[in-house]
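Me: Hi! I've got a chain open and would like to talk it through. Can you help me read it?

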Amino acid sequence: MQPAIAYDESHSSLVNARILLSLMLLAAACLFADAVVGLRGIDVGTDTHVYAAYFVSLREGVGGTRFEPSFVLFTHALSSAGMSLHAYQASLFALMLLTVFVASRRYFDYLGSERGYLGFLVAALMWLFLSPTFVNGAINAVRQGVASMLVFTALLAFHRRQWRAFFVYGALAVSFHYSSLLYLACAPVLLLSERMLRLAAAAAFLAYCSGLTMLLVRTGVPVLYNMVMAYSPNAVYRAGVRLDFALFSIFWYLLPYVLGRLVREPFDRRIQHGAAIYLAELLPFFLIGWGNYSNRYLLPAWMSASLMLAAMCFHSRLAPLRNPVLLRGGLVVACGVFAYYVTHMVTL
């Protein structure tokens, strides 16, 4: 029995070493990304100067604001503590990363994976750091960036019929950005069958691309149309039907079905079934995504697409795609790409 005991001890030590390596890599990657975002100048990011001005103004006793309550509370607490502007920016991004940890853990549990969460988190951060959309949430639409993964977590809870979690995460999301209500209002589509969801996706996609949704809103709900068009009326960002955004978005919904055979069972079906959450996040764009800065209606969906990609890699039938060494190396490379995106303001 001695060799078996020695083998068990050796195997346990190897597992513990791998866990420690993953933790060290994740900590280093998060600290690096946090420093890149936190130390950026106020001219890096279209809205950075707005948040910087609000943060500084709190020390001067400025009162009212249109910002959401949780964001105000968070900012006020850090401002009162005498925190520097760079530390405040880093704290906001750290909060955004915390929502990623929560969403990835809940999604990992939904997929039914029994172990290897740290490996899945490595893959999730890798794809997020490679995404210009994630950078957009980090340096531009900061409040919505914090809320986006909370929206995903709330819709995932609705999808799993976990009503308490849906209301808790939904309320948190709304308290950081009111636009979260748009996505939460679409949650009932998750009660439909998968076949009906596909039909809904096709109908919404075609209605948007043909300009039908814009026409219906303009004629049927003129108040809503005027509200959408009144958002940043002097924006240089191209408004109107964005076929490029629509095609790019529907691609990620179809990807789990097209590449389903490359994913191990039963995770292939679970990822496909979970794509309904991504679709629910697309619906607000298909409804009113013809206004200014329509990419912001897509922020939660495009960020959650990174979790789907991580799941497809982590549970791939192709061993190299789920190789821990490759995923860790990919995260290291992704950190460099993320730094380039931030410093050069590469966003989507």
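Reply: Happy to. One term to begin with: helices here are DSSP runs of H or I with at least four residues, numbered from the N terminus. Also, keep in mind that this is a predicted model.

Me: Good. So where does Arg 161 lie?
Reply: Arg 161 is in the loop between helix 7 (142-159) and helix 8 (163-176). Its phi is positive, about 60°, although Arg 161 is not a glycine.

Me: Is that Arg 161 buried or exposed?
Reply: In between: Arg 161 has a relative accessible area of 38%, so it counts as partly exposed.

Me: What is the usual sign of phi, then?
Reply: Most residues other than glycine have a negative phi. Met 345 is another residue with a positive value, about 50°, and it is not a glycine either. Met 345 sits in the segment after helix 17 (324-343), and its 41% relative accessibility makes it partly exposed.

Me: What about the peptide bond from Glu 265 to Pro 266?
Reply: That peptide bond is cis, with omega near -5°. Most peptide bonds are trans. Pro 266 belongs to the loop between helix 13 (243-258) and helix 14.

Me: And Gln 272, which helix is that in?
Reply: Gln 272 is part of helix 14, which covers residues 267-288. Gln 272 counts as buried because its relative accessibility is 9%, where the cut-off is under 20%. Leaving out residues up to four places away in sequence, Gln 272 touches Glu 194, Pro 256, Tyr 257 and Gly 260.

Me: Switching to cysteines: how many disulfides are there?
Reply: The count is 0, taking a disulfide as two cysteine sulfur atoms within 2.5 Å. For Cys 186, the nearest cysteine sulfur belongs to Cys 209, 17 Å away.

Me: Why is Cys 335 not bonded to Cys 30?
Reply: Their sulfurs are 8.0 Å apart, so they are too far from each other for a bond. Cys 335 is buried, with 9% relative accessibility. Cys 186 is buried as well, at 16%.

Me: Let's zoom out. How many helices and strands are in the chain?
Reply: There are 17 helices and 0 strands. The C-alpha trace spans about 80 × 55 × 40 Å along its principal axes.

Me: What is the radius of gyration of the chain?
Reply: The chain has 21 Å, and a compact globule of 348 residues would have a value near 20 Å, so the two agree. Buried residues make up 52% of the chain.

Me: And the exposed area, what supplies it?
Reply: About 16100 Å² is exposed, with carbon and sulfur atoms supplying 68% of it.

Note on methods
Residues are numbered from 1 along each chain as its sequence is written. This is a predicted model: local features need pLDDT of at least 70, side-chain atom pairs count only at pLDDT 80 or more; totals for chains, interfaces and linings use all residues. Side-chain values use heavy atoms; hydrogens and water are left out. Helices (H or I, at least four residues) and strands (E, at least two) are DSSP runs, numbered from the N terminus. The radius of gyration is taken over C-alpha atoms; the globule rule is 2.2 Å times the number of residues to the power 0.38. Buried means under 20% relative accessible area, exposed over 50%, partly exposed in between (1.4 Å probe, protein chains only). Accessible areas come from the Shrake-Rupley method with a 1.4 Å probe; for residues, only the protein chains shown count as cover. Contact means heavy atoms within 4.5 Å.
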